[in-house]
Amino acid sequence: MSIDRKVKHKLELHKALQQKGLRSTKQRSCVYQTIVSKQDHPTADDILLRVRKKLPSISLATIYNCLETLVDCGLIKQVNFDRSPTRFCPNLTPHAHFKCNQTGQIFDITLDKDSVKDLKSVLPKGFKAQNFELSFLGSTDQSLN
Ligand SMILES: [Zn+2]
């Protein structure tokens, strides 16, 4: 990741934490940088392994605390698939997830404004969604991998 992007993420993190009256700690910063640097929807265990390369003594409990804070601040989102551990996604633009049941890989599927509008149009009158989650499960063409 370039220095510029690192600085940009650092500022985003600082600003979001500040809005909640929280400090930007080394642990929070490291967890956030880890998630944005490889957008592959890691689990808390994946994140622990990656963060330990920089902070060898960090515990899983601290990772969970940091993740909770980052979710609270709206910097990352939780992604849940049936019967698998929660994953984390830093992509805040409207998107669906596609999980390949052969490789377990999760892809971000960008949703344009019209698709989001179409999705919301299925809601009955009087139902106002602030948020939605859309997940596909299936297989992908080998050439994509
Ligand atoms: Zn995602």
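Arg83 is exposed, because its relative accessibility of 86% is over the 50% cut-off. This residue belongs to the loop between β1 (77–79) and β2 (87–89). Its phi is near 55 degrees, a positive value in a residue other than glycine. The model is a predicted one.

His41 also has a positive phi, near 55 degrees, and is likewise not a glycine. Its place is the loop between α2 (26–37) and α3 (44–51). Is His41 buried or exposed? His41 counts as buried, because its relative accessibility is 2%, and the cut-off for buried is under 20%.

The table sets the two residues side by side.

| Residue | Phi | Relative accessibility | Loop |
|---|---|---|---|
| His41 | near 55 degrees | 2% | between α2 (26–37) and α3 (44–51) |
| Arg83 | near 55 degrees | 86% | between β1 (77–79) and β2 (87–89) |

**The zinc site**

Which residues coordinate the zinc ion? Three histidines take part through NE2: His41, His95 and His97. Cys89 binds through SG and Asp108 through OD. The distances run from 2.1 to 2.3 Å. Along the chain, the donors of the zinc ion are spaced as H-x47-C-x5-H-x1-H-x10-D. His41 sits in the loop between α2 and α3, while Cys89 sits in strand β2, so this pair ties together parts that are 48 residues apart in sequence. Both His41 and Cys89 are buried.

**The whole protein**

How many helices and strands are there? The protein has five helices and five strands. Read from the N terminus, their order is α-α-α-α-β-β-β-β-α-β. The C-alpha trace spans about 45 × 40 × 30 Å along its principal axes.

The protein has 145 residues, and 34% of them count as buried. Take the contacts with a separation of 6 or more: 46% of these join residues 24 or more positions apart.

The accessible surface comes to about 9,800 Å². Carbon and sulfur atoms account for 51% of that surface. As for charge, there are 23 positive and 14 negative side chains. The centres of these two sets lie 7 Å apart.

To return to the two loop residues: Arg83 is exposed at 86% relative accessibility, whereas His41 is buried at 2% and serves as a zinc donor through NE2.

How values were computed: Residues numbered from 1 in each chain as written. Predicted model: local features only at pLDDT ≥ 70, side-chain atom pairs only at ≥ 80, totals over all residues. Heavy atoms only, no water. Helix = DSSP H or I, 4+ residues; strand = E, 2+ residues; numbered from the N terminus. Buried < 20%, exposed > 50% of the residue type's maximum accessible area, 1.4 Å probe, protein only. Donors = N, O, S within 2.8 Å, 3.2 Å for Na, K, Ca; no water. Contact = heavy atoms within 4.5 Å. Areas by Shrake-Rupley, 256 points an atom, 1.4 Å probe, with all protein chains shown as cover. Lys, Arg positive; Asp, Glu negative; His and termini not counted. Charge placed at Lys NZ, Arg CZ, Asp CG, Glu CD.
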